[in-house]
Structure formats: structure tokens, C-alpha cells
Amino acid sequence: MSETRDGMRIDWDIPVVMDDGLALRADVFRPVPGGRYPVLLSCGPYGKGLRFEEGRPEQWRRLCQDHPDVPAGTSSKYANWEVADPEKWVPHGYAMVRIDSRGMGRSPGYVDQFSPRETRDLYDCVAWAAAQPWCTGKVGLQGISYSAMNQWQVAALNPPGLAAICPWEGAADHYREVRRNGGILTNFLMRWFENRIPKAQHGIAGRGERNPVTGVLAFGDELRTEEERAASRADLIAEIRDHPLIDDYLRERNADLSRITVPVLSAGNLGGQGLHLRGNVEGFLRAGSPRKWLELHVGEHWAHFYTDYGRELQLRFFDHFLKGEDNGWDATPPVLLNVRHIDGTTTFRHEDGWPIPRTRWTRLYLDLAARTLTPEPPAEDQCLDYRALEEEITFCTVVSADTEITGPAAASLFVSSSTTDADLFLTLRVYAPDGREITFAGANDPHMPVSQGWLRASHRKLDPDLSTPWRPFHTHDEAQPLAPGERYGLEVEIWPTSVVVPKGYTLALTVAGRDDGKHSDPLDRPAEVFGGTVTLYAGKARPASILLPIVPEA
């Protein structure tokens, strides 16, 4: 069905035929005047016909309340979860293409998230859009989270017509960022799968929501039984459990980022600990494209994609690479950074690289006896025990001057365990002089610490080619169990951050064997293995430390 309304020419439910003959369904929004336009495309599982306000009412209410520029100038009838609002983009001369991924929404087929099959589907969608008579032949990929993660995958295949990508808060490593932080299983993806996929899978018919504009069922006209729908989707939860190490299954779900050649604007959230932030940084660093930019912001996971700040940033990027506009984007420095302050404000500035080239890498040592962080390791050998599932130990130092910490961090620890393994949960914190912990608005949590890091001790093996002093890179391709009581050196990656710590405030590192429930799967963390006694060691022979990126004023 085609119609003209709200200043757009809209084609609903266009079939896009894949290489195996299956037709996915797409909605196309483009300017009313005839002609050829660059395309901004997204493909995802949430239902292209499900209105943001209906599918995520609380998030929509909060987004509009906190950011009134988001609903300004649009009816929001076409606003969907984690994809751009066409009423805000079509007037700028873009065709917007939204596609329901295989087996989701109005697209039939077998659901297999982030699989090679799904990546090939997105490849075919890009090629299809580029070949349409209303397209200039240039396609950009756009979207948040899911619709950002699959951009890394397909861009590495270089589909015909792909001209630029903007992965906004999207992980690039399905093992290290989405499934297992530091080798420890995270609950996020399993909960996401349980809560979101059955609700949006094709075949709900009359039990599902309708497109508020067309009245068409958002999840297909076919009514299938729960058993039939379950048989038509991969069991992602079982797959997560079945692949505790990086193997061929996971390698084919992680893109070879070096093969990406198109321009990249990678937008990450400094509060995105444990899911997307690392991917945006690593994607920027490891993408093969010579034209790439890293933007780091703060706030809720979805907010700045829709605000004027984020939309205008994307518009400049896409105008330059999809329309060829000489708008000064090519002179933009490679890093666009919002530095956090403890009062919740940020300072925006440009930088010439990541990590920031003028970084003063500063190592602070753990004094186990005093529980402090010091410029020199303690003179005497020390050890300190803690019960992994019951206790945590915090090491502190008071900063003597305003101190900016921006970039990745890393900890070097020496440990033994009373069992054959141990999970290390590291948290970088800031405390006010009155003892209050200073927290920050995170992507999905309003009270996030400065940064976090994780490592399963049996996954301590490092990749010598990809590791740096400030970002140890673990292979996760074999488990090396601990001999109870034997000491081991561990290099722990702490995810990137940016914060100015004022004079007189306390910087702290907490070491623990558990967290608040994000990594609490009992099958992955049986108490008899991960509930033992862990011993930390320090001293001149074993200088346990944290390496921090201290950034002086330019």
C-alpha cells in the first residue's frame, strides 16, 4: 500500500526478497517530490509498525519529559523504538527504510538473532535499497543497540551501496560485551530474549498490537500456536550456555572490524558499562576505515539518539558522506567527547585520538594493610583474604588537585583461591568528602559508578597482539583452572570512562567476587566454585596496581 500523508510518500510492507527467496517486509518513507534520495536504513526485531509510545510507554514519557526537543516538530505517529523518526529526517532529503528482521514483526521466517543468516539478510536489504529507482545508490545504516550491533557485522561484508554507518550505543563483540563480561555470563541477553522476542515474533495475529497509522497488525496476519512459534526461533538462551568459550559459533557472530572501509560515526554512552560502551570504542579503534569518528555522551540509553544534539550530529555526518555536502565534517577531529563532572554536567570538547594522546598513564599500587592506593608499592609482602560471595574490599586515595580521568583503565592483581576458579568484579568509584558515593546517570541505571571491570580467573590468558598496558585483551578460547592456594597474576580490563574528580574527593577501587545481580546465573557461577576464599597479594615482588588515564589540560 502506498499513500501520501504528513508530508511524506509512504510505501507500507514492501517485500524485500532475500537470496534464499524469503521476503522480508519494509516500510519506506521518502519526500513527496519525485527524485532520487540517499537512504537511511535499519533492520531489527521490535516491529516496524509498533509505535514507540505504545511499545515502551514509560520510556517515551520520560524521554519527552526530560527532552522536549524530541517530540517537537513531529506528530510522533511514526516514532519507533531505537530507530529514527522519519518526520524528522525525510524533510532533510532522505528516504527512510525500516525492515522487520527475519521471523519478527511482519516478516516471516526462522528467528536466529545476529547469526550469519541475519547478517546476510541485512546485506541483501542494503543492496536492494541502493538499487531502487528512488535511491541515489548510497545507503547509510542508522539505529540504536540491536540496529547498531548488526551494523558492525554487515559493514565488514561491504554490501554494494553501503556508504556510511552510525552505530549508536551498539556492542561490537558478542562474547566480551553482550554474553560474558570477562568470561562471566551476564543475565542481560537471556532476559532480553525472554521478555522481547516472543512478544514481537511473527505470527501473533489478533493478539498483537496494530500500526496506529494503517491499522495493520504489527506482528503479522498469521496466528500461530506458541509451540509453532517456539519451533521457529533459535533457543538463544541454550546457545549462550552452550558456548562458554569463544569458538567457531561465536567467531562467525563477531565481525572482522578491520574489513570495514566505509566512514564510521561510533556513538557510545559513558554510562553503558557492561553492554555497549566497549563496543563503540573498540569498533572505532579497530575499524579499517580511515574516516572514522568516536562520540561519547551521557544519559539514558536511547535519549541522545533522538535529541537535537544527537540528531544534528548524525545529520552532519550523513549529509557529508551520503549527499557530498561540504559542511566541514571532514575537518572534525576524530573524538567528540563529553567529559563528566560530579554535579551531573558535562563539558564538550574535541580530541585528536583515543586514548587521548597527552594522557599521563599513572599507576597506583594497592596497599593491602592500609587499604589505600599509593604511588609506590608497599615495601613488605602482604596478603588479604575475602569471602568471594560475601565480602568486598575497597582501596582509596584522596586526590590533591582536580583530576581528569578519561580513557581505559586496567588492574594488575595477584590472587589465589581456595577453589579451582574465582570471578573478579572491579569497580572504580568516587566519594565526596562527607563519604557519599558520587554516581552517574547510566544507560540503563540512574546510579552508575565511574567504571567497572570483570575477569574470570581461569580466563586470564592474554592475546599478545591485541593487548596493551591500558587494555588487556583476553582470548577466552580456553579455560585454565586454578590450583587451589596457588598464586596467579591477572590483568583485568576496566572499561573506558571520563570524569573530573575534584580536589579533596576520594578515588577508590573495589575488589569483589559478586555484583548486584547482573552476573548471578547459578549454572555459570556455582557456589562451590565461585564462593570460596580469595586471597590478594601485594608488595614489591607482586606490585598489585591500577593503571589510570590522567588527562592534563590541553
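On a 1 Å grid over the protein atoms alone, a pocket is an open set of points where a 1.4 Å probe fits, with protein on both sides within 12 Å along at least five of seven lines; lining residues have an atom within 4 Å of a point. Grid points are joined across faces, edges and corners, and a volume is the space filled by probe spheres set on the points.

Before you start: this is a predicted model, where local features need pLDDT of at least 70, side-chain atom pairs count only at pLDDT 80 or more, and totals for chains, interfaces and linings use all residues. Residues are numbered from 1 along each chain as its sequence is written, and side-chain values use heavy atoms, with hydrogens and water left out.

**Exercise 1. Describe the largest pocket and its lining.**

Step 1: the space in the largest pocket is about 960 Å³. Of its 42 lining residues, F188, L275, H301, A443 and N444 come closest to the centre.

Step 2: look for the elements involved (helices are DSSP runs of H or I, at least four residues; strands are runs of E, at least two; both numbered from the N terminus). Helix α7 (188-200) is one of those giving at least two residues, as is strand β20 (451-456). The largest share, 6 residues, is from α7.

Step 3: sort by chemistry, counting Ala, Val, Leu, Ile, Met, Phe, Trp, Tyr, Cys and Pro as nonpolar, Asp, Glu, Lys and Arg as charged, and the others, Gly among them, as polar. You get 16 nonpolar, 17 polar and 9 charged residues.

**Exercise 2. Work out how α4 and α5 cross.**

Step 1: fit the axes as lines to C-alpha atoms over the stretch in contact, with angles from 0 to 180 degrees between N-to-C directions. The two axes come within 10 Å and cross at roughly 85 degrees.

Step 2: angles of 65 to 115 degrees count as roughly perpendicular, so α4 and α5 are roughly perpendicular to each other.

Step 3: list the contacts (heavy atoms within 4.5 Å). From α4 come E118, T119, L122 and Y123, meeting Y146, N150, Q153 and V154 of α5. That set splits into 4 nonpolar, 3 polar and 1 charged.

**Exercise 3. Which is buried and which partly exposed, S145 or R371?**

Step 1: buried means under 20% relative accessible area, exposed over 50%, partly exposed in between (1.4 Å probe, protein chains only).

Step 2: S145, in the loop between β6 and α5, has a positive phi of about 55 degrees without being a glycine. S145 is buried at 9%.

Step 3: R371 sits in the loop between β14 and β15, and R371 is partly exposed at 37%.

Definitions and conventions. Angles under 35 degrees count as roughly parallel, over 145 as roughly antiparallel, 65 to 115 as roughly perpendicular and the rest as oblique.
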